[in-house]
Amino acid sequence: MRIQLENLQKTYQSGAGSICAVDNVSLDIPSNIIYGIIGKSGAGKSSLVRLISLLEQPDSGAVLYDGERVDNLFKDALIQRRRRTGMIFQNFNLFSSRTAAKNIAYPLEICGTPKNIIKDRVEEMLALVDLENRGGAAVSTLSGGQKQRIAIARALATKPDILFCDEATSALDPQTTRSILSLIKQIQQKMNLSVVMITHQMEVVRDACTEVAVLDKGKVVEQGSVERIFSHPQSEVSKDFLAHLAPNAAKANSSIVRWSNEGGKYTLRFEGAKTGEPVLSQISRECNVDFNIRAGGIQQLQQTSVGTLVTDITGSADSVVRAIQSLKSKGVVVEVE
């Protein structure tokens, strides 16, 4: 399901005046991928996902699913369209009075699905999230990861074509987060879902998403493939996220370690095979400069790796200029503080 957003605008009124939560946002989200929308607290992420998922209407602009406008649907048509989307949340939103299986059954019940079909579908969903033996468990007895798996099963019970994940891993520990992200990736590929993942964690984007949009103060400040954002960040927000990126403990050499808080005027980014090449030593000899490395590491993405070095370059002014030109000619991205 391809999702297109055209000039979405949403303003809320508060005691302090009006707040523009979504400011002229346009995005084209391809079908059958995991698409990330990332921003810091207050950037407008949750407001945007409420518009995309049709929980609220924009003040202006349009939301299209596969080329058909859906934000202006009337009541019955809107309800039917919402039933073809799934949503999972940070705090699970499960019914404590229901068992795990009954939670999964709930959206099927309100759709009027026959009981025999509900039973089969619930068993199918429990197997999908690897909780075949926990259907009769009370919600209070489930771990955080198990609760989120039940929430995922419930969201998928009605066979949606879009799955929205609103900070779905924020309440989980790192190991459980990795398992949930792995599960979502497996499900996305198996069911050919379009997944929109709202997050404030660049680690989630790195480990799960194919493309990403970066929000700041209600605006899209950058968008593109995850590889492009990691290797060629353009906005200050993206650069700040990358500077504070936590390692992926499941992958070797994925951390960026800083051993000196001094200096570090230049940030160098290497993509793919360049991460293993002796680029700096070659340029040091050719241009008669020295590199004083302050921080470094490699981030393993879905299809490639991106290396980052924070360094100073010393030498004559002309030599430093030639070194920077040489780095760029070799495909290294150079950012100057």
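The largest cavity in this predicted model is lined by Cys165, Glu167, Ala168, Thr169, Ser170, Ile184, Met197, Ile198, Thr199, Gln201 and Val204. Strand β8, spanning residues 194-199, gives the most to this lining, with three residues. The space inside the largest cavity comes to about 50 Å³. With a threshold of 30 Å³ or more, the count is one cavity.

Two of the lining residues, Ile184 and Met197, recur in the description of the nonpolar interior. The largest nonpolar core has 55 residues, and Ile152, Ile184, Met197, Met202 and Phe230 are those with the most contacts inside it. Helix α5 (residues 144-156) supplies the largest share of this core, namely six residues. A second core, separate from this one, has 29 residues, among them Ile3, Ile29, Leu48 and Val70. In soluble globular proteins, nonpolar side chains tend to be buried together.

The surroundings of Met202 were examined further. When neighbours within four places in sequence are left aside, Met202 is in contact with Ile38, Ile229, Phe230, Phe241, Leu242 and Leu245. One of these partners, Phe241, also takes part in an interaction with a charged side chain: Lys40 lies over the face of the Phe241 ring, at 6.0 Å from the ring centre.

Ile38 is likewise found among the contacts of Ala213. Ala213 is placed in strand β9, which covers residues 211-216. Its relative accessibility is 0%, so Ala213 counts as buried. Not counting residues up to four places away in sequence, Ala213 touches Leu27, Tyr35, Gly36, Ile37, Ile38, Val220, Glu222 and Gln223. Between Ala213 and Arg2 the separation is 211 residues in sequence, and the C-alpha to C-alpha distance is 15 Å.

Aromatic pairing was considered last. The count comes to one aromatic pair. This pair is formed by Phe95 and Tyr106 in an edge-to-face arrangement, with 4.8 Å centre to centre and 65 degrees between the planes. Phe95 lies in the loop between β6 (85-89) and α3 (100-110), whereas Tyr106 belongs to helix α3, so the pair ties together parts that are eleven residues apart in sequence. Phe95 has a relative accessibility of 33% and therefore counts as partly exposed. Tyr106, at 32% relative accessibility, also counts as partly exposed, because the buried class is limited to values under 20%.

Conventions:
Residues are numbered from 1 along each chain as its sequence is written. This is a predicted model: local features need pLDDT of at least 70, side-chain atom pairs count only at pLDDT 80 or more; totals for chains, interfaces and linings use all residues. Side-chain values use heavy atoms; hydrogens and water are left out. A nonpolar core is a set of buried Ala, Val, Leu, Ile, Met, Phe, Trp, Tyr and Cys residues joined through side-chain atoms within 4.5 Å. Buried means under 20% relative accessible area, exposed over 50%, partly exposed in between (1.4 Å probe, protein chains only). Helices (H or I, at least four residues) and strands (E, at least two) are DSSP runs, numbered from the N terminus. Contact means heavy atoms within 4.5 Å. Rings of Phe, Tyr and Trp (its six-membered ring) pair if their centres lie within 6.5 Å; planes under 30 degrees apart count as stacked, over 60 as edge-to-face and the rest as tilted. A charge sits over a ring if NZ of Lys or CZ of Arg is within 6 Å of the ring centre and within 35 degrees of the ring normal. On a 1 Å grid over the protein atoms alone, a cavity is a set of points where a 1.4 Å probe fits but cannot get out, and a pocket is an open set with protein on both sides within 12 Å along at least five of seven lines; lining residues have an atom within 4 Å of a point. Grid points are joined across faces, edges and corners, and a volume is the space filled by probe spheres set on the points.
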